Each structure stands twice: as C-alpha cells, then as structure tokens.
Amino acid sequence: MTRIQVDAVSIHFGGVKALQDVSLEVRKGEVLALIGPNGAGKTTLFNVISAIYQPTSGRVRLEGQDVAGLAPFQLAHKGLTRTFQNLQIFFRMTALENVMVGRNIRERGNLFGYLFGLPSVRRQNADSRLCALELLKFVGLDRYADRPAGELSYGILKRLEIARALALEPTVLLLDEPVAGCNATETAEIDQVIRKVVSTGVSILLVEHDIHLVMNLADKVHVLDRGVTLATGTPQEVRRNPAVIEAYLGESQDEQEPANAES
Amino acid sequence: MTTFFQLVVSGITVGSIYALVAIGFTLVYRASGIFNFAQGEYVMLGGMITGILMTTCGVGFVPASLVAILVTVAIGAISYLLAIRPARSAAQVHLLIITIGISVLLRGLTSALLGKDFVRIPTFVSPETFNIGGVVIQSQALLVIAGAMAMASLLWLFLTRSFVGKGITAVSANLMAAKLVGINPAAIVALCFGISACIGAVGGLVATPITMTSYDAGTMLAIKGFSAAMLGGISSAAGPLVGGLLIGLFEAFGAGYVSSTYKDAFALLILLGVLAFRPQGLFGNRSTQRV
Amino acid sequence: MLTKALQNPFVSTLAVALIVVALPLVVGSNFHIRLATMVYIFSIVVLGLNLLMGYAGQVSLGHAGFFILGAYSVALGPSQLGLNPWLSMAGGVALTSALAFVIGRPLLRLSGYHLAMATLAFGAIVYVFITNEVDLTGGPDGMQVQRANLSVLGLSHLMSWYWLAGGFLVLSMLILSNLLSSPAGRALRALHDSEVAAGVLGIDVARAKLMAFVISAALAALAGANLALLDGHITPAAGGILRSVELLTMAVVGGLGSLVGSVAGAAFLVLLPQFLTEFHDYEHAILGFLLVVIMVMLPLGIVPSLNAVMRRWLP
C-alpha cells in the first residue's frame, strides 16, 4: 500500500531549478533514504512533501490523495509530520511540554472547557503527560522531562524532535538528518528508535549523510544531484550504480560523503 | 476644477513632509533593520526649537534653524548610541518599544521645556502668493516642495556617490562583509540616525510656517511617514518619495471631497490596505523566499 | 520548590485574590481604594495583552481601541438603546470580541513591525472615529455614563467597583491560567517559539493566534467598561495612541509571559505618578524614559528578572 507518492515534482526559485522531475514512492512500513551532496535538493524535496513549499509542477499524493493546496497542519491531521535539519524546538517549554504539543491533534476539547478548566480537560492533560513521558522514555530522554528545552544539548534535542513527532502517531514521518552532530552511542540509539518505529508500520523518509546508517536502515535509496534523480533502488543496487559511484560515492567508496562531492 | 488643483497643491505640500519622514525611516531601516518610531519627533523638534528661539528669544531665522538642526541631529545620534545600540541584538519588538520610548520621552520633554502651545515660525520667504487661474499658491509652499525634493536628491547623491554613503549601502547589504573590510557599523548607523534626524528637522522648519507645530505633532507624522514608506515600498529609492506625495494627495482629496473631520483616517486606512494586500508596496518587489 | 510554586499561574492567582480580599482591611481611604481599583482594571487589559504578546508572540499597539470601545458601549447602551448598564457591558464585550474576530484574520497574517503598525492604525481609527462623531459620543468632551453599582448589597459606588474589578481580575487570571495549561495554551506557547514546527505538528497557527487576539480584545473591552462605570464619565483621551503605548509599557515592564507580571506592571504604572506629583509636567517624559531604561537594562521585565534572581538564591 503506497503511503507517499511524489509524481514528477519540479520547483523553481526565480531562475534556480531546485528540483526537476523528481518522482518517488514510499509504501507502508518502508524506509526510503534520500541522499546526495549538499545543495542536491534533499531538504527542498522534504519541504515540498510536507507542504511548506508548493511545487512549481508535479504533485504529491498522501494515501492516494492529492495534497496540493493543503497547509502543513492539515497534512499533520492526515498523518504526516517531520523533523528539521536545523532544530525547530520550542525552547521556552520543557522537554515534556514539547512532546505534549505533539499530542495536540489527538486531544479533544473546546475553548469553553479550556477556559474553565473542566475535569475532562484535566483528565486529558494527565493522559497527554503520561503519553509524552512514555515517548521520552522510548527515545531515552525521560530524565530530562522537566528541563527547559533551551538548556539541553544538540544531540538530546535531535531525539526530542523525534519523540515530539512520534506523539502525533504519524503514518508517514520525515526525518531530516536525525543523527547529524550525534556521537556513535547516540547514533546507535537513534538507529534503534527508527527500527522500532518502522516495525509498527510507519513509513519513513530519511535525509541523512551518515552512509552507514542509510545502508543499514533503508529499504530503498534515492540519490539526488543538483535537483535531479541520479539513481534509485535498493542500497545494494545504488551501491553498484556506476553513475553514483562516479558522481557521489567517489572511487574509494568511502563510507563518509566526500567533501568535494559536487566537483 | 479650481478646487481640484487647489487640493493638488496642498496635497503635494503636506505630502512632501510625509515623504521626508518616509525617507528618514527607510534610510535607518535599510542600514540597521530598525524601525524608528521617533522619526516624526525630529520634524516636530525642528519646528518647535526654531519657532521658540525666534518668537520668545528673538533669535534670527538662520541661527535659530541651525541650532534646531544641530540639536535634533545630536538627539538622533545620541539616542541611537545610548539606547538602541546597547539592545541591538534584542528582538524586533523590543527595539520597536525602545524607539517608542524615545518618542514618548522626546514629546514629554518638549511639552515640559517648550510648552504645550502651538508654535508658529514667521514665514521666511516673501509672504506673496501666486494666483494661477484661481489656484492660490503660497511661496512658502513652493519652498516646502523644493526643500523636500532637494533633500531627497542630496541624500540620493550622498548614498550613491560619496565614500561614506557607499559604506551605508555596504552595511545594509551585508553587515559581516562590511565589518571585514573595516567599516565601523556603529558609526555608520549612528550617522544614519543623524542624517534622518537632519532630514526631519529641515522638513519641520520649512513646513512649520504653514502647518504650525506642537509637542504632540510627531506621532501622527510618524504614522503617516510610515504609511508613505509602506505605500511606496521600502526597498526602492523613489518609493518613499512617491508614497509621501500620494498620501498627501489622498489626504487632501479626502478632506476636500469626502470629510475634513476624517482627514487623519485616510492615511490610516491606506496603511491598513497596503499592509493587508500589498505589503511590499507599490514599487517594491516581493523577494522570493528560500529556506 | 518555592520558586516553582511562585511561577505557577494558579499560585499567582491565589496570591492576587488574597491581596484583593485583604487590602480593604488595611487601607481605608477612598483615595487608596480608588487607586487599587484602577490597578485591577488596568491589570485585566494587560493580562490579555500579555496572552497575545508574551505567550502567542504577537504585538499589538491598538488595544486602547478595544478598551475604549468597551468604555463607550456602557455609555452608549443606556443612552442610545435604553439598555441596562450591565447588559451594555456584556454586549460591549461581545461586540468588541466579534470585531476582533473579523479584523484579526487579515491583521494577524502580518508579523513584527507590520503587525505593530497595522494594530496602531486600527487603534488610531477607533480614536479618530470616537473623537469626530460628536453627535453620538460628545466628541473630545466625552459623555456621561449612567451609574451602575452594587448599592443593593449596601456597598458604596466605589466599594462596588473595587469588588467588581477585583473579582473580574481574579476571574481573568483564573481563566488564563486554565487556558495556558490546556492544549490550546501549549499550542500558543509553541507557535511563539517556532511557527513552522507548530504547523507540522498539526496546529492551525492562524486560528490559535486569532483565539489569543479575540480573548485579549474581550478583556480590554471588559476593562474599558469597568473604567467608564467607575468614573461615570468617559472621554476619547482614555483610548488614544498614548494609552496603547501605556498598556504595552505595563505588559513589558511587568514581564511578558508572566501573569503576575501583568499585575505588577499595571500597579507600577498606575502608582508611579502618585510618587511623582511634583514632577507632574514630566510625567510623559518619565514614562518614556522608564520604557527605554527597562527595555535596555531589564529586557525580561520586572517579575521574570526577579524570578531569575530567586532561582539562583532559593532552593
């Protein structure tokens, strides 16, 4: 069952063609990794899929339904959410409150109940708190629950963003560089978290520079270069693809992306 | 038809003053990203100080106006250095509140020190009027229009031709690069505040013979100057000038043909309309957003 | 534990309620009771402004417009429509909220300076309208407000309004405390830090901002109606541009994002002129000076700065 279908998407900024004719498909419980050098258009594609940008042409379908014209918050109600490469944390709220915000679309209530603090709202607050605590435990951050997010370190916030996104109970999750800036232990923990999430049937789109993580996790790899699709297939196929080897992985088949990948 | 042209003349005259406020706004905004709510107070100070010196101290027009300009310029630059610069990394809203504070402080000080009465400057060109086919034009009005055009052209020449002017352009284009090539941004921005205060003060002293002024005239001028800047567009050179003249014309026609009691409301309605429908202004272009 | 309790909005509400109840036992003079009533009335509007600015992160320089609409509704309701003053107050709050709902959508699409100037323009238009519709509002001289109080309960006019304003204040704080600890409150605080993240989490950012705007307008109108009924007379000057600036100063000086800060800010600015009577001519100059100094030295405002100090020294 196809969750996300991207169909010949192009987007232009002024004269710059940031994406040209990109198509991809993610099924239920599948992990698709987007790789490519800096400036290849990976985050731009994420912004199109999550409706932060409207594509110049082409369409995005979520569960078979065209999402053109919908706002990001409407996509969230349809089960799609994401994390950000440059963290978008609610810095003035505690870690727990950050995750509780992720419960927002699962919470039911009206303004009258909120203003007068009806018992149903209190019960629901308690439920959200419990659920958020569980998620913090799931990503290994429960001991930071009551700390203001502004005081926490980068690697911790990366996991906090994942926990917050999971609070929606999404069907499609877009992770933009989830392990960037994390050490080996943290990376292994995030790897485990992603595996557990996928096993529950969530579809994941992943932008990541850590090739190790990509090759281990991904069912499919989609290689972008300067806005166009260079190759697509299983990790093994992509690894053997001559165009990819030449343009992206380099002759040495280095495990890290070469710094001068674009040259 | 005579009424029409009479309204055009008075619209362009007040519009010139709004244009000067708008030009001061955009100069500071482009150099520093700061929105200076006190811009209207400079016009008020130019008129008030000159007027008080002339009427109560018997000083001649030239020395009085020089003192007024110097004092206003000093206030502009010092208020930046003492109050705005120390908070320059604060949020936009904080900086706006600081400039509102400066504006309230200036009008409070003016009312306490120079009084709450209307102040008039005796017309300093010959009081004769021209009568062209029934349309009466005061020579002072011509001076206001000419003065505004002259200030606008001088500023444009300064920004595009002089070494310091190019420094201002550099700071507004790229702060970090400007620092690297040895431009002192604090001095440049202080200079911009000084220049915008000077433009305001000159506007105040040429306009006061016609419009009179009082301690509380600055706020409305600031709002109308901002409306002019928004209408014309903050990103273009001619925008504030054209915007000022248009606001002046709308106001004159509104007062002449619709309702004179609602004169002040026209500029406000234009401001709301522009912000709602065309926030980049008539001449500005919407920059393509890229994250 | 202590510092945490002090930052709890429900604890602040209880503290303010205790002050409202205890104050008449301590101060007896009408003059002081009247000052306290003024503090309560301004606290109500500043609380709303704080919800909008401190929690939702949206500026308004036009809340004097909502304030004055509330005030004139209790003046006009009885005189023009023959309504009872209490009904006029409720109607004024409802109509002002409806107006905020209508203008809020286009206004709140703006942000930063643009939003500040657009709300300023709105406030100024209300002021110009009330000043110029002389037949309806009496113009700059203002108009009388039909007396309404709780004399049936044996209370004097002043004490009636002391208890009413104090009651409205405690009720407003309680309602806002509830709201802030609800999903809607978390959504507001979230969008203040990152609108894009709030969006991808399913929060309708425009709707959340509009809700804060409408609630803050309703509280402003309620406060305006209270002031008009307390004074028995209202002029447009109660809602000019300078009043908007004054309200903003109260919110910022007390501390954005702190409910008790709003009360502190209102108290500070209402009481300050009492200590400066010999500098009466300099009142506005001092207001402006304080605004600048506090913004530069204590950008967080009084209450949050005190909280930070206490966090360092108390357990």
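**Entry 1: the two domains of chain A**

I count two residues as being in contact when heavy atoms lie within 4.5 Å. The model I am looking at is predicted. I began with chain A, which is divided into domain 1 (24–53 + 68–79 + 172–263) and domain 2 (85–169). I looked up the distance between the centres of these two domains, taken over C-alpha atoms, and found 26 Å.

Next I asked how many residues of domain 1 of chain A are in contact with domain 2 of chain A. I found 17 residues on the side of domain 1, set against 12 residues of domain 2. The size of an interface is often given as the accessible area lost when the parts come together. For domain 1 and domain 2 of chain A, I noted a buried area of about 1,300 Å², with 68% of it from carbon and sulfur atoms.

I then looked for charged pairs across this interface. The rule finds 1 salt bridge between domain 1 and domain 2 of chain A. I also noted that E189(A) forms a salt bridge with R159(A), where the closest N and O atoms are 2.6 Å apart. This pair counts because the cut-off for a salt bridge is 4 Å. For polar contacts between the two domains, I recorded 3 residue pairs, both residues at pLDDT 80 or more.

Which elements give two or more residues to the side of domain 1 of chain A that touches domain 2? I listed helix 2 (72–77), strand 7 (172–176) and helix 7 (184–199) of chain A. Helix 7 of chain A gives the most to that side, with 6 residues. By class, I sorted the residues on this side of domain 1 into 9 nonpolar, 3 polar and 5 charged.

**Entry 2: a salt bridge between distant parts of chain A**

I looked up the salt bridges as a whole and got a count of 22 over all chains. I picked one of them, in which the side chains of D176(A) and R82(A) meet with 3.7 Å from N to O. D176(A) is in strand 7 of chain A and R82(A) is in strand 6 (residues 80–82), so I noted that the pair links distant parts of the chain, 94 residues apart. Side chains of opposite charge can pair when their charged atoms come close.

**Entry 3: strands and hairpins of chain A**

I turned to the sheets. I found an open sheet of 4 strands in chain A, with the order 2-1-4-5 and antiparallel pairing. Its edge strands are strand 2 and strand 5 (65–66) of chain A, each of which pairs on one side only.

Within this sheet I followed strand 1 (residues 2–13) and strand 2 (residues 16–27) of chain A, which pair in the antiparallel sense over 8 bridges. I4(A) stands opposite V26(A) in strand 2, and H12(A) has K17(A) of strand 2 as its bridge partner. The hairpin of these strands has 2 residues between them, and I noted that G14(A) takes a positive phi near 60° there.

I looked at a second hairpin as well. Strand 9 (residues 220–225) and strand 10 (residues 228–233) of chain A pair in the antiparallel sense over 5 bridges. D225(A) stands opposite V228(A) in strand 10. Which residue takes a positive phi in the hairpin of strand 9 and strand 10 of chain A? I found R226(A), with a phi near 50°, in a hairpin that has 2 residues between the strands.

**Entry 4: chain B against chain C**

Last, I looked at two other chains. The contact takes 40 residues from chain B and 37 residues from chain C. The area buried between them is about 3,300 Å², and carbon and sulfur atoms give 83% of it. I97(B), V104(B) and Y262(B) supply 17% of the area that chain B buries against chain C, more than any other three residues.

Across the interface of chain B and chain C I recorded 0 salt bridges, and 5 residue pairs in polar contact, both residues at pLDDT 80 or more. Helix 4 (92–114), helix 9 (218–232) and helix 11 (263–277) of chain B each supply at least two residues of the side that touches chain C. Helix 4 of chain B gives the most, with 18 residues. By class, I wrote down 30 nonpolar, 8 polar and 2 charged residues for this side of chain B.

Definitions and conventions: Residues are numbered from 1 along each chain as its sequence is written. Chains are lettered from A and ligands numbered from 1 in the order in which they are written. This is a predicted model: local features need pLDDT of at least 70, side-chain atom pairs count only at pLDDT 80 or more; totals for chains, interfaces and linings use all residues. Side-chain values use heavy atoms; hydrogens and water are left out. Buried area is the accessible area (1.4 Å probe) that two parts lose on being put together, summed over both. A polar contact is a pair of N or O atoms within 3.5 Å; within protein, one must be able to donate a hydrogen and the other to accept it, and residues adjacent in sequence count only if both atoms are side-chain atoms. Ala, Val, Leu, Ile, Met, Phe, Trp, Tyr, Cys and Pro count as nonpolar, Asp, Glu, Lys and Arg as charged, and the others, Gly among them, as polar. Domain bounds come from an automatic or database domain assignment. Two strands pair if DSSP finds at least two bridges between them.
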